[in-house]
Amino acid sequence: MTLQALRGTTDIYGEAIADWTHIEQSVRASARLYGYDEIRTPILEDSALFLRSIGETSDIVQKEMFRFEDRGGHDMVLRPEGTAAVVRALLQHKMHKQQALNRLFYMGPMFRAERPQAGRYRQFHQCGVEALGSEHPAVDAEVITLCYQLLKNCGVQDLRINITSMGTRQDQQASAEALKARLQPHIDQLCAECQARLAKNVFRSLDCKKEQCRTLAWEGGWPFLLSTESQEHYDAVRRALDAAQIEYNDQEAFARGLDYYTRTVFEVQASGLGAQNVVAAGGRYDHLVEDLGGPAVSAVGFAAGMERILIAAGEHLTTEPQQRHGVFLAVTHAELLEQGIRYVQQLREQGVHAMMDFNVRSLKAQFREADRLRMQYVVVFGERELSEKRIALKDLDQGTQEQIHLNEWVAHITQLAKN
Ligand code: HAM
């Protein structure tokens, strides 16, 4: 049996690395433009963190967490998302006491045991931001604007931002009662899960996998009733987005799969993604910090799927073709191998990308290898070069050649490589 990567996981290698590096750099640069600092949290977390944040009735917690006990009986999970982990870190390191508003961004692998398909994986990568410590509607708008600019900077075109408000937690209690009352007469038509959800968390029927449940749940239109205060907050978010000249669509209702949201929620769709067309999503979570044992700290954030960014960016990925650089030392006599190793090490210590072929193959084979490695220079080193004390330095980019004294070529090429 040949061993294979697990279903829903992928090896990233070869040319894809340039695309990934490009996306990672664009994410970092975009986040920094808005003053967000990087945070890296562990991939392994205590299961309780996600049970208490994403919601016990959510699909992620019920079906999709890679959850296990370690040998010591500790209940842990491979993180399915980043927000709860960032909140845990905020509280653990008392960041909220050091400054009122913490702006953080992160990137890394997340894990969900979903049925794999195009754009949906079991190990996938998210980049995300969280602004913790303000309920100002301008912060919601800033997060949405950053999301938009980040996706643009990564090369994603044809973006569409859907935005809506789910109201405060208090509003949601009233909305839940209203939705329950509406669904109760149809309880027989709901799946067993949704029947249980009716008592526990009726909003989960909005994104039930069964179409019949979804249809019934959405029948009365957008189920979230907004208090005056919520409406004003939502209006102010849209005014701030208008000020930033960000276009959005506030006419299309959509459900979020995580329980912690209050007030503003949004998703960004991109073309070229097929069924999984949501490239990024997020919203406000005003009670998560409290729910995880902290003080009242309002927050808002989003996460984007990096695989989906890559698919959506497609040919608009602006990765440059790899430039030639560095020097390849072609040693033509086995007895000179150690001297060659010495040269290569000297170059590397000077910060010059240097490679050689330990097998002393034909010059032709070595030139081919230098070309494949996209090296800029080739230096041939053999007995003749040793006796004449001169080497030939070939520039593969320019097609030129120069002769240099054996004692000077390392310094010379170090100079060239640094220019
Ligand atoms: P989410 O909607 O669960 O939100 O995920 C955000 C994005 O991650 C999705 O829009 C999608 O692009 C990507 N994604 C999710 N699951 C998969 C998968 N199985 N395969 C590939 N890509 C996937 C969150 O995770 C929240 N933490 C977002 C947030 C941050 N809300 C506030 N702050």
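**A hairpin, a small sheet order and a ligand shell**

In the hairpin built from β3 and β4, 5 residues sit between the strands, and Gly-73 there takes a positive phi near 80°. This comes from a predicted model. The two strands of the hairpin run antiparallel, with 4 bridges joining β3 to β4, the latter covering residues 75–78. Going along the pair, Phe-66 stands opposite Leu-78 in β4, while Glu-69 faces Asp-75 of that strand.

The hairpin belongs to an open sheet of 3 strands, laid out in the order β2-β4-β3 with antiparallel pairing. At the edges are β2 (44–46) and β3 (66–69), each of which pairs on one side only. On average, and ignoring direction, neighbouring strands in this sheet are turned by 35° against each other.

Then there is the ligand. It is surrounded by 27 residues, and the closest are Glu-81, Thr-83, Glu-114, Glu-130 and Tyr-261. Sorted by character, this shell divides into 13 nonpolar, 7 polar and 7 charged residues.

Some backbone atoms come into play too. A polar backbone atom of Tyr-121 lies 2.9 Å from a nitrogen atom of the ligand. For Val-278, a backbone N or O atom is 3.1 Å from a ligand oxygen atom, and for Val-279 a polar backbone atom is 3.0 Å from an oxygen atom of the ligand. On its own the ligand would expose 660 Å², of which the protein buries 95%. The elements giving two or more residues to the shell are β6 (123–132), β9 (278–284) and β10 (299–305). Of the elements, β9 gives the most, with 6 residues.

Note on methods: Residues are numbered from 1 along each chain as its sequence is written. This is a predicted model: local features need pLDDT of at least 70, side-chain atom pairs count only at pLDDT 80 or more; totals for chains, interfaces and linings use all residues. Side-chain values use heavy atoms; hydrogens and water are left out. Two strands pair if DSSP finds at least two bridges between them. Axes are lines fitted to C-alpha atoms, for helices over the stretch in contact, and angles run from 0 to 180 degrees between N-to-C directions. A residue is near a molecule or strand if one of its heavy atoms lies within 4 Å of it. A polar contact is a pair of N or O atoms within 3.5 Å; within protein, one must be able to donate a hydrogen and the other to accept it, and residues adjacent in sequence count only if both atoms are side-chain atoms. Accessible areas come from the Shrake-Rupley method with a 1.4 Å probe; for residues, only the protein chains shown count as cover. Ala, Val, Leu, Ile, Met, Phe, Trp, Tyr, Cys and Pro count as nonpolar, Asp, Glu, Lys and Arg as charged, and the others, Gly among them, as polar.
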